[in-house]
Amino acid sequence: MLKSHHTEGSSLVDNAPGMPNKVLKANGTSEGGCSSLRRPGSTPTRLILDVHMAACCCGSKKNAQVLDEDVAKEPPPEVLQRGVPVHEWKDWMARFQRIVYANNVSITVQILLWMTLVGGIFLLRRNNRLQREMATFMRDFNTQVLGPRGLFAKTQKGVFHADKHHEEISWLAIALTHDECASLREEDHIFWYNHWSHTLSAASSSSCTSCYGSCCGTPQV
């Protein structure tokens, strides 16, 4: 499901003077269940649209980052008010999902493939293709649709990893003001989730694992 949940104030945590904003407040939605990993919350200057990982071990289109179909067919009010036509939004969101689906591999197949060298190489190449195609999509989406209307979007992901426990959560951030657009452009795609402080820290600023989840490709989703 793709949703936006407003919280008061900025999604950024205040950092030292002169330092780039590399930490986000994790005060938004979660995937529910036993997961405590949370997204940032939407603010008056930034929309956070949920991107969900379908938890299924079968089917060619089930293990993918997907948008809620109902909301994907109609832009959020803040975007619609900026003049983005409904039909144009629907076309671009359909393209977003096609890119993901075309590069999707089910969870069961992933487990089997990682057991072999050839399978592991296949998964790496498939994921890198996903990252490249998504990077191209976001560039075109911003240039042709959002940019002319004073908006900017970026795909981002939160990651928590401790021993054998691993969680990920994704979202599409849309900046609504000039200053917020500039801020979002400088932010990373991947963030580490801190359960104690409920914050998301940019992976590149915390360790050399900034390409985590992208297999050394462009970290987009």
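**Exercise 1: A salt bridge inside the model**

Find out how far apart the side chains of R39 and D50 are where they meet in a salt bridge, N to O.

*Solution.* Start with the distance: R39 and D50 form a salt bridge with 3.7 Å from N to O. Next, place the partners. R39 sits in the loop between β1 (23-25) and β2 (46-53), while D50 belongs to strand β2. They are 11 residues apart, and the pair links distant parts of the chain. Last, check the surroundings: both R39 and D50 are buried. Keep in mind that you're looking at a predicted model.

**Exercise 2: How sure is the predictor?**

Work out the mean pLDDT of the chain, and what share of its residues reach 70 or more.

*Solution.* The mean pLDDT comes to 75, and 66% of the residues get to 70 or more. Now look for weak spots. Residues 1-5 have a pLDDT below 50, and beyond near neighbours in sequence this stretch makes 20 contacts in the model. Residues 54-64 are also below 50, with 28 contacts beyond near neighbours in sequence.

**Exercise 3: The two sides of a helix**

Take helix α3 (residues 86-102) and decide which of its residues are buried and which are exposed on the other side.

*Solution.* First, get a feel for the helix. α3 has 17 residues and spans 24 Å from its first C-alpha to its last, close to the 24 Å expected at 1.5 Å a residue. Then list the buried residues: W89, W92, M93, F96, Q97, I99 and V100. Because they cover an arc of only 155° around the axis, they end up on the same side of α3. Finally, turn to the other side of α3, where H87 and R98 are exposed.

**Exercise 4: Salt bridges that reach from α3**

Say which residue forms a salt bridge with E88, and which one meets D140.

*Solution.* Begin with E88: its partner is R149, and the closest N and O atoms are 3.9 Å apart. E88 lies in helix α3 and R149 in the loop between α5 (117-146) and β4, so this pair ties together parts that are 61 residues apart in sequence. With a relative accessible area of 23%, R149 is partly exposed.

Now for D140: its side chain meets that of R95 at 3.4 Å, N to O. Since D140 is in helix α5 and R95 in helix α3, the pair ties together parts 45 residues apart in sequence. Compare their accessibility with the cut-off for buried, which is under 20%. D140 has 14% and counts as buried, whereas R95 has 27% and counts as partly exposed.

To finish, widen the search. Salt bridges that share partners join R46, E180 and E187 into one network, and the whole structure holds seven salt bridges.

**Exercise 5: A strand and its neighbours**

Explain why strand β6 (residues 190-194) is largely enclosed by the rest of the structure, and work out how β6 pairs with β4 and with β7.

*Solution.* Step one is burial: four of the five residues of β6 are buried, so the strand is largely enclosed by the rest of the structure. Step two is β4 (residues 152-162), which runs parallel to β6 and is joined to it by three bridges. Here K157 has I190 of β6 as its bridge partner. Step three is β7 (residues 199-202), which pairs with β6 in the antiparallel sense over four bridges. N194 stands opposite T199 in β7. Step four is the hairpin of β6 and β7: four residues lie between the strands, and H198 takes a positive phi near 55°.

Notes: Residues numbered from 1 in each chain as written. Predicted model: local features only at pLDDT ≥ 70, side-chain atom pairs only at ≥ 80, totals over all residues. Heavy atoms only, no water. Buried < 20%, exposed > 50% of the residue type's maximum accessible area, 1.4 Å probe, protein only. Pairing = 2+ DSSP bridges. pLDDT = per-residue confidence, 0-100. Contact = heavy atoms within 4.5 Å. Expected span 1.5 Å × (residues − 1). Arc of directions from axis to C-beta. Salt bridge = Lys/Arg side-chain N within 4 Å of Asp/Glu carboxyl O.
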